[in-house]
Structures are given as structure tokens and as C-alpha cells.
Amino acid sequence: MTAEPTLAEICVVACAEAWRGDGAVLASPAGLIPALAARLAQRTFEPGLLVTDGEAGLLAPAGDGSVTEGWLPYRQVFTSVASGRRHMMMGAAQLDRYGNQNISCIGAWARPKAQLLGVRGAPGNTVNHPVSYWVPRHSRRVFVPRVDLVSGVGYDRAAAAGARYHGLRIVVSNLAVLDFGTPDHAMRLRSVHPGVAVDDVVAATGFELAVPAQVPVTRLPTAQELALLRTVLDPDGLRDRELG
Amino acid sequence: MAEIVSLAEAIERTVNDGDTVAMEGFTHLIPHAAGHEVIRQRRRRLILVRMTPDIIYDQMIGAGCASKLVFSWGGNPGVGSLHRFRDAVENSWPAPLELEEHSHAGMANRYVAGASGLPFAVLRGYRGTGLASRGAGIADISCPFTGEKLTAVSALRPDVAVIHAQQADLAGNVQLWGITGVQKEAVLAAQRSVVTVEEIVDTLEPRPGGIVLPGWAISYVAEAKGGAHPSYALGYSVRDNDFYLAWDQISRDRATFSRWLDEHVLGATPSGARQVSSARPGAVR
């Protein structure tokens, strides 16, 4: 008998879905839940993914663990990303309606209220290849009408930026899955996680969210996915702590 | 030609108040011992440059060495924020810290331009972001062949580059291997350079994926065994993950940080940094 899936497990599988259909691209996850998701997708429905380990290796499944199947040091990443054949899942301190992302600072840039980590690869990633986002705490502090500093480029700015491979795929939060599948690429509610009401998501979002008449429930992990997560990819259950 | 000296001498001869200093390393081979020596020599108003500043720059900023940081990501890897960095930016403690923010690719390309003797690098990126309008060293540029709008980023030409490597030979040639960042570009872009090494060996043996920096491209080599700690040197040491976790607590509070700095840096001597010339009578000076 299998225990019910936890919220973290539902989120891992929802994040894994970001890479469905990508084939042989570089899958670059930032953070634990996206990392488990990329490795889960690679072990199940997207075996062609080249999964980065966040340092310099490419991970491939090997029995109950992983082996390094390739070597891609930092500087070589930059020569690969411009081809569009990479799909990264990043975090976001702020996201707006068109997917502009901020990870640099909260408040005025010259004297911020909170200095965050810095734009890191976002300016290049978002114009050079697909990007998805993982937001562990869905709130009006994250989903804002206007971000304080555009680090990652959203749909309303992409054309003017001359972005050849811009594409924001999905945003997964602890409440829902969102995408940009509207005529003007404004953020849309794609599914709500089990037990979450549409109104909860709307209330926790600081801008007008496109809400279809029928909003499905995020799919549950399969028995195989659960088994992989629990016994192979994350036997210590670190995933649940990230959403604690 | 690289001169083999003690770490204290290397820093004294290269790093001046107000200099632009790039101490590079990515996850691995981060030059902590050299950073501590800069703190001990009480250098001030440095413009610190690094793609991914982590706890060594947090320590230098908290110690009052820096007036500006040029970077693309600043954090305690796998742990969270850099508290001394944030305190400097948000509250000007112990001194105001000006920021020059770039993307990773922007920083890497700026080093390459500097190392190549070119005034700027060109990349696709920045357009559409908030950096494009306010960042120093960022400008729009049109491709002279197609007219495509791109971004130019100015070359980085640090006064000093400081890196840590596994080995140097007696002639001051250096080899590093394992996970590498932009150490080579940083050294070649800089006016002066210091390489600390785990060990000085008679001859370097080629390593798969190894990067060799010839002695003629380096100013000073200094032995600093364990000089990457709490980062690591592949083949010599392992990463001290507990220290990265502990740093979160040490650095949160100004008083706790200051006590730590007094005890572990200001009151310490360079660890393992014996003067090679006295230890090895035949060593090249």
C-alpha cells in the first residue's frame, strides 16, 4: 500500500511536467524541488534530457543513483545556451502578469529594502532559451503587479528585446500550475493542486489572473513516480521540508 | 615571470587601497587564505569583482575592505543570503557598498574581453531587463553586418586577479583541475596576479580537463596549503559544508561576526603559507 502523495511530491511532478516534450535539451534546475523534477522527468517521460547538477556535471540515471555522464564546466554553458536548447527552472522573488521576474532586489535599486542574490543568469536565460519558474510560497509578495527590477524578461518585453528563443513555459507554486496560454501571454491558471480552491489562488495573486471557466486539478503522481521519488531520488524526504 | 613568495608578500606587493581586485573560483578553489590576508593587511576601498561572490567576499565586505562590488550572484551557496553583504548594501555597515550588477554571461564575457585586450564584449542578453538602463558598463550596440540590436559590456581589467590552484612548479607555472570557473580569463585580464597553491611540485603532470597558466602570465605564486577552506581543492581537500551552514549564524549579527573576524582572521597568521624560499633553498625566486 502506498501512502498518499504529499504536496511536495505533487509539486515535484508538476515541475517535471515543465520539461515534457523537450527531448534532448539541457535541463537546468535551480533548487531542490526543480532538481528532483528534472531527474524524475529524465527517468520517466523525457529520457533525452541532459540534466545539470548545478556545478559542472551532467547527471544520468544509474540504478539507484546517478552517474556523471558529461562534463560541462561553467564557461562552456555560455556557448551552449544561445542555441535555445536549454530549459531552465529558476526561482523568483517577484513575478508579474507577463512573467517578468525579479531576483535582484526589493525596493529601489540604488538603496534596496532587501538586497537579494542578484540577476545571475536570468537576463541571458530568458532571451536565449525556455525558462520556467518554481515558487514555493504563492503570495501577493511574489505575484506582484510590477516587479522592482526586471531580471528575467517577460512576454511584454521579449519582442522589443529581440529575444529569439524566449518562452516562459510554466510557473509552479505550492498552490497551482500557471502558464501564459492566453492571446496576449498574460498569466493563466492552468490547474490547482488538490484541495486548493481557485479563489485561494486568485486571492494570493497580486494581479488579475486569467481564469478559465473550468480549472482542472493538478495531476497526481503515478505509483511509479512516487516509488522513484521515495526510494531512489530523495529517500531522505528532503522535498517535504522545502514546503514545511 | 612568476615569482614564488610568501602569501603576505604577494598581497603586499599587489593589492593597494582602492584597487579593483578579482578573486575568482566557482564552487571549488576559492581563494580564502588570500582574502584573509587582504583583510589582515587592512586594505580599504577595494572594488571587488567576482561572478559569484560567496562567503569570502562577505568576510571582506564585513571587514570594511570594499567600497564597491561587481557581480552577478551573491549568496551563501546552498544556504541563503550573505548577511554582511546585505548589511553593507541596505545599511551601509561598516561602509556603503556600491553595486555594479551584471548577468553571469555578461561577467564571463567581460573577462574574456579583458583577457583578449578588447574594449568590450557583445552578447544577446540584458535587453528588456532593468539592468540595461542603469548598469554601468552596459550599452546598446547594433551589429555592423545585420543591424541586429545587441548589448555591449565593457571589458573587465582588474588591477589584481587572485586565484587558488592545486599546484605550481618551481618555475611558477600553475595547473588547476576539477571544477573551474573563469580563473584563466581573470588572470589574463588583470594587470597583476597572485596564485595561491596547495603544493609546489618539481614538475606538473598534465591532468584531464586541467588548465595550465604559464608562469610568464602570473606575477606571484604563494604556497597556501588548505587555502581554499571552507571551499576545497580537488585531490587535496573536501568541502567543509558545515562551515557554510555555520557562517549563516556567525554572519547574521555584527558583534558575532566581529568576534569571529578578530579570532580567526585578524589574530591569525596565514595558514600553511610558509615562505618557499626558506623551506626550499633551491627554489626559484
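In this predicted model, helices α3(B) and α4(B) lie oblique to each other, because their axes meet at about 45 degrees, an angle outside the ranges counted as roughly parallel (under 35 degrees), roughly perpendicular (65 to 115) and roughly antiparallel (over 145). Helix α3 spans residues 55-62 of chain B and helix α4 spans residues 83-91 of chain B, and the two axes are 7 Å apart. The crossing of α3(B) and α4(B) is left-handed.

From α3(B), the contact is made by Asp58(B), Ile61(B) and Gly62(B). From α4(B), His83(B), Arg84(B), Phe85(B) and Ala88(B) take part. By class, the residues of this contact of α3(B) with α4(B) comprise 3 nonpolar, 2 polar and 2 charged.

Chain B also contains paired strands, and β8(B) (residues 149-154) takes part in both pairings listed here.

| Strand pair | Sense | Bridges | Opposed residues |
|---|---|---|---|
| β6(B) (residues 120-123) and β8(B) (residues 149-154) | antiparallel | 4 bridges | Ala121(B) and Val153(B) |
| β7(B) (residues 138-142) and β8(B) | antiparallel | 5 bridges | Ala139(B) and Ala152(B) |

In the pairing with β6(B), Val153(B) of β8(B) is the bridge partner of Ala121(B). In the pairing with β7(B), Ala152(B) of β8(B) stands opposite Ala139(B).

Strands β7(B) and β8(B) form a hairpin, with 6 residues between them. Gly147(B) lies in the turn of this hairpin and has a positive phi of about 85 degrees.

Conventions
Residues numbered from 1 in each chain as written. Chains lettered and ligands numbered in written order. Predicted model: local features only at pLDDT ≥ 70, side-chain atom pairs only at ≥ 80, totals over all residues. Heavy atoms only, no water. Axes fitted to C-alpha atoms, helices over the stretch in contact; angles between N-to-C directions. Helix = DSSP H or I, 4+ residues; strand = E, 2+ residues; numbered from the N terminus. Left-handed = near helix turned anticlockwise from the far one by under 90°. Contact = heavy atoms within 4.5 Å. Nonpolar A, V, L, I, M, F, W, Y, C, P; charged D, E, K, R; others polar. Pairing = 2+ DSSP bridges.
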